[in-house]
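Please open the model in your viewer and keep the selection tool at hand. The tour below proceeds one selection at a time.

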Amino acid sequence: MSGRQVSPHPNPPPQAREGVDNPPSLAGEGGARAGRRGRVGATVGDALTDAAAALAAAGFDEPRRRARRLLAAALRVSGADIFAHPERALSAAEEARVAAMLSRVIAREPLSRIIGRREFWGLEFVLSADTLDPRPDSESVVEAVLARLPDRTPAYRFLDLGTGTGCLLLALLSEFPRAIGVGIDLAAGAALTARRNATLLGLGERAHFAVGDWAGAIAGGFDAVVANPPYIATRAIPELPPEVRNYDPKRALDGGPDGLLAYRAIAADLFRLLRPGGLFAAEIGLGQAEAVASILAQGGLAIEGFAADLGGVIRCVVARR
Ligand SMILES: C[S@@+](CC[C@H](N)C(=O)[O-])C[C@H]1O[C@@H](n2cnc3c(N)ncnc32)[C@H](O)[C@@H]1O
């Protein structure tokens, strides 16, 4: 998770992400023609202009890009189609659908939650109430593993702790055609959603999901373990943007009093889980690098490095057995 400074995880301030970004203030008078009165223009071009104005007035950044994404989702077409056919007339039902979606976004419901899907690593993931909405920042965990395993052909064994939608594991399996993997989550609903995503992505035969408390019931021998554990300090959760605190499951966010509870629990098992030389890569919260490195070192791992996101925030720690 992140926030996350987040990817969801925010050690406040939360990071800007699609659908979660810059928490806007409440819809202003002018821009909310669409969002408040439930009306948008009668063509694609008009609707785009109206929706962008409503989003801008409500304080969202990149309103036109958001409006395009919203329209594409509401009309079930691509973003390119929105650009290509501004003159296309909207039916009354389409107009109503766009307006309804816009109102929900202005009320701080992430578009990904409204449409029930999120793209991660170029793959589409179904969301459910039990899953975190995957954040682009978490791709740094996938990148960290890829950078250290340049040969894509071995039949590696991967373990993903706190799998959520399965996004980390399934992204890895999409890159390593002979690898297999196990994803664990405490939430049965998340394990089921991850299973569904594996099937939809054609990775179902190489991905296995189970309900569990971290790796307590898992035997060792993994080439890499990945995790994006809950890492927000409990007291910071009420300060998260509404898009995060109202829609991501608390179990996916809450890292205990200091945000580090999950790292301690996971680190206790890593030496046993990894084959000699095996990798551990995990997302971390803002300012947690040193503390997490120390926890991993106490677990017998050697710290190999950190990876920063595009904003220069250290987002990922990598260690090796
Ligand atoms: C921040 S989310 C990450 C989800 C997914 N890996 C991602 O990157 O989008 C953390 C996940 O850990 C799971 N989790 C929390 N406590 C757990 C535990 N004790 N054992 C296993 N999974 C747990 C949550 O249900 C949640 O799905």
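How many helices and strands does the secondary structure of the chain come to? The chain comes to 13 helices and nine strands. Here helices (H or I, at least four residues) and strands (E, at least two) are DSSP runs, numbered from the N terminus. This is a predicted model, in which local features need pLDDT of at least 70 and side-chain atom pairs count only at pLDDT 80 or more, while totals for chains, interfaces and linings use all residues. Residues are numbered from 1 along each chain as its sequence is written.

**The whole chain**

Display all residues to begin. Of the 321 residues of the chain, 51% count as buried. A residue is buried if 20 or more other C-beta atoms lie within 10 Å of its own, exposed if 12 or fewer, and partly exposed in between, with C-beta atoms placed from the backbone. Two residues are in contact if their C-beta atoms, placed from the backbone, lie within 7 Å. Among contacts between residues at least 6 apart in sequence, 68% join residues at least 24 apart.

**The sheet**

Next, select the strands β3 to β9. In which order do the seven strands of the open sheet lie? The order is β5-β4-β3-β6-β7-β9-β8, and the pairing is mixed. Two strands pair if DSSP finds at least two bridges between them. The edge strands are β5 and β8, each of which pairs on one side only. From one strand to the next, the twist averages 15 degrees; axes are lines fitted to C-alpha atoms, for helices over the stretch in contact, and angles run from 0 to 180 degrees between N-to-C directions.

**Strand β4 and its partners**

Select residues 180–185, which form strand β4. Five of the six residues of β4 are buried, so the strand is largely enclosed by the rest of the structure. Strand β3 (residues 157–161) runs parallel to β4 and is joined to it by five bridges. Within this pair, Phe158 has Gly181 of β4 as its bridge partner. The chain passes from β3 through α8 to β4 in a right-handed β-α-β crossover. A crossover is right-handed if, with the strands pointing away from the viewer, the path from the first strand over the helix to the second runs clockwise.

Now add strand β5 (residues 207–211), which pairs with β4 in the parallel sense over five bridges. Gly181 stands opposite Ala207 in β5. Together, β4, helix α9 (residues 188–200) and β5 make a right-handed β-α-β unit.

Pause at Ala188, which is placed in helix α9. Is Ala188 buried or exposed? Ala188 counts as exposed because it has 12 C-beta neighbours inside 10 Å. Its C-alpha atom is separated by 5.7 Å from that of Val211, although the two residues are 23 apart along the chain.

**Strand β6 and the largest core**

Select residues 222–227, strand β6, in which six of the six residues are buried. Four bridges join β6 to β3, and these two strands run parallel; Leu159 has Val225 as its bridge partner in β6. β6 also pairs with β7 in the parallel sense, over five bridges, and Ala224 stands opposite Leu279 in β7.

Keep Val225 selected. Not counting residues up to four places away in sequence, Val225 touches Leu159, Leu161, Leu270, Leu273, Leu274 and Phe280. A nonpolar core is a set of buried Ala, Val, Leu, Ile, Met, Phe, Trp, Tyr and Cys residues joined through C-beta atoms within 7 Å. The largest such core has 68 residues, and Leu172, Val225, Val226, Phe280 and Ala281 touch the most other members. Helix α8 (residues 167–175) contributes the largest share of this core, seven residues. A second, separate core of 25 residues includes Ala52, Leu70, Leu90 and Leu102.

**Helix α13**

Finally, select residues 289–298, helix α13, whose buried residues are Val292, Ile295 and Leu296. Seen down the axis of α13, these residues fall within an arc of 95 degrees, so they line one face of the helix; the arc is that of the directions from the helix axis to the C-beta atoms. The face turned away from the buried side carries the exposed residues Glu290 and Gln298. α13 lies across β7, β8 and β9, running at about 15 degrees to β9. β8 and β9 pair in the antiparallel sense over six bridges, and Ala302 has Arg320 of β9 as its bridge partner.
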